[in-house]
Amino acid sequence: MNNNDYPDFHFIAIGGVGQSALAKILLCLGYKVSGSDIQESKYTKLTSSLGAKIYIGHDKNNIKGNPKIVISSAIKENNPELKYARENNLDVMHRSDCLKFISQRFPIFIGLSGTHGKTTTSGLLSFILERMEKNPSYAIGGIIPKLNINAKADKNSKYFIAELDESDGTIQKYSPNLVVINNLEEDHLDYYKNGLADIISTFEKMINNMDKTSALFLNIDNEGCNIFKNQTKFKNIITYAIENNADYSAKNITFDELNSSFDFYKEDKLIGKINLIVPGVHNIYNALAILAVLDTLGFKYSEYYKYFPEFSGMGRRFQLVADVNDIKIIDDYAHHPQEIKSTLSAIKDIKRRKIAIFQPHRYTRLKGLWEEFLNSFDIIDKLFVLDVFSAGDNFDNEYNSKNFAAEISKRGIDTEYIEGDIKEAAKKITPKLKKGDIVLTLGAGDITKIGGEINDLLSK
């Protein structure tokens, strides 16, 4: 092989949604890429179609030349490719370092962050700029419906938009030109041992990396974000809110089953009305954050308002996955108590029987936020609790789904523990559903499959 044919980057586990997004962007920017994964997937096929050399299975012989090795936090040190890279002093990059490398190739780097809503906000901004024909580049942790992609790059893009993940502390590496902090709550307690204090400390480190001319957007209705309101480093601290006085605000909010609308204000001046086809106060905040960014970038209301009603949310973010026999099934990634409350608040006033199917994600999260989870389902008429999706955590004899269902039942919520895999759970739950129900499937694991299973069973 000629030296010019060697890859610039080699991705271990390139078939993941995040890894493949970065690989795709690098390919679009003209870099040579190779990668491996344990099995073929739509993402390995996608990167292969763009010119990546894909290997199925992990083997040190997959690494050709001296590429930068890109890994995620999930890659273990005993991975044969990672071991080879360490032994041969190859440059090993965490995926966050790769994202930082990419972000430095564009004039304006816009980061969307916060404990909740970053996938939706980054997807919404990318979608709006696409519809406005501003040729954005972006890397997002979910698929944008209608565009059917989560990553895109063009060497001539002015804007690069990225979802900035705080779960493992790597957010402190970035230095965006504009950054949105939508909310800060306790989460990822397996990493942040001191809870919110550690999360705030990590965000402070990111802010300290930013140039003083950068813009910091804060949701000042959120207590965690308020801590940064009086930052002295930036002249561009831009606030948005519904309840408090802010630079940008939403007023006269209305909800109509699964739709919503509000009046968009800049200080005391009405900019215009915004219509959404996604429900819930959390989506008002998401839209408000992006409106503040668009206005700050200099775009006019007339350029963007008409595209907001086209945005149907992100994949797995209040996504309608089935509507059969007048039973609506909505899938949502919510796996944190605050996310669950926000998602459920969107159906609070809908005149249907409200069903939730909840799959806890990680025993450590369930244990760390036990009381908060118990207080998250108050508006639900019927709750089904599936087995914990462990994501590598060890079984907990005390903090598990069976005990959670028993405990929440004591609080007056009609709750049932459903044992078994997704197919078994769907078979047990489907006969209990009634015409007119609205069903929300909640969790970050394989619960996303249960809506399709129930739909198939109801359609027979």
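Let's start at one residue and work outward: Lys118 touches Leu112, Ser113, Glu163, Leu164, Asp165 and Glu166, leaving aside residues up to four places away in sequence. Keep in mind that the model you are looking at is predicted. Lys118 sits in helix H5, which covers residues 118-131. Is this lysine buried or exposed? Its relative accessibility is 9%, and because buried means under 20%, Lys118 counts as buried. Its side chain also reaches the backbone oxygen of Gly114, at 2.9 Å.

One of the residues that Lys118 touches is Glu163, and that takes us to strand E9, residues 159-163. How much of E9 is buried? The count is 5 of the 5 residues, so the strand is largely enclosed by the rest of the structure. It helps to recall that side chains in a regular strand alternate between the two faces of the sheet. In E9 both faces are covered: Tyr159, Ile161 and Glu163 are buried on one side, and Phe160 and Ala162 are buried on the other.

Now look at what E9 pairs with. Strand E6 (residues 108-113) runs parallel to E9 and is joined to it by 5 bridges; Ile108, for instance, has Tyr159 of E9 as its bridge partner. Strand E7 (residues 137-144) is parallel to E9 too, with 3 bridges between them. Here Tyr138 is partnered with Ile161 of E9.

E7 also leads us to helix H2, residues 42-49, whose buried residues pack against E7 as well as helix H1 (17-28), strand E2 (33-37) and strand E3 (53-56). Which residues of H2 are buried? They are Tyr43, Thr44 and Thr47. These cover an arc of only 100° around the axis, so they lie on the same side of H2. That fits a general rule: an α-helix has 3.6 residues a turn, so residues three or four places apart point the same way. Over on the other side of H2, Lys42 and Ser49 are exposed. Just after the helix, Gly51 takes a positive phi of about 115°.

A quick detour to the cysteines. How many disulfides does a search of the whole structure find? The result is 0. Cys28 is in no disulfide, and the nearest cysteine sulfur, belonging to Cys98, is 13 Å away. With a relative accessibility of 31%, Cys28 counts as partly exposed. Cys225, on the other hand, is buried, with a relative accessible area of 0%.

Finally, move along the chain to an open sheet of 6 strands, arranged in the order E16-E17-E21-E18-E19-E20 with mixed pairing. At its edges are strand E16 (319-324) and strand E20 (415-418), each pairing on one side only. From one strand to the next, the twist averages 20°. Inside the sheet, strand E17 (residues 327-332) and strand E21 (residues 438-442) run parallel and are joined by 5 bridges. Ile329 finds its bridge partner in Val439 of E21.

Helices join the picture here as well. Helix H13 (residues 401-409) packs on the sheet, where it touches strand E18 (354-358), strand E19 (382-386) and E20, and its direction makes about 170° with that of E20. Helix H15 (residues 450-459) lies across E16, E17, E18, E19 and E21, running at about 10° to E16.

Conventions. Residues are numbered from 1 along each chain as its sequence is written. This is a predicted model: local features need pLDDT of at least 70, side-chain atom pairs count only at pLDDT 80 or more; totals for chains, interfaces and linings use all residues. Side-chain values use heavy atoms; hydrogens and water are left out. Helices (H or I, at least four residues) and strands (E, at least two) are DSSP runs, numbered from the N terminus. Buried means under 20% relative accessible area, exposed over 50%, partly exposed in between (1.4 Å probe, protein chains only). A polar contact is a pair of N or O atoms within 3.5 Å; within protein, one must be able to donate a hydrogen and the other to accept it, and residues adjacent in sequence count only if both atoms are side-chain atoms. Contact means heavy atoms within 4.5 Å. Two strands pair if DSSP finds at least two bridges between them. The arc is that of the directions from the helix axis to the C-beta atoms. A disulfide is a pair of cysteine sulfur atoms within 2.5 Å. Axes are lines fitted to C-alpha atoms, for helices over the stretch in contact, and angles run from 0 to 180 degrees between N-to-C directions.
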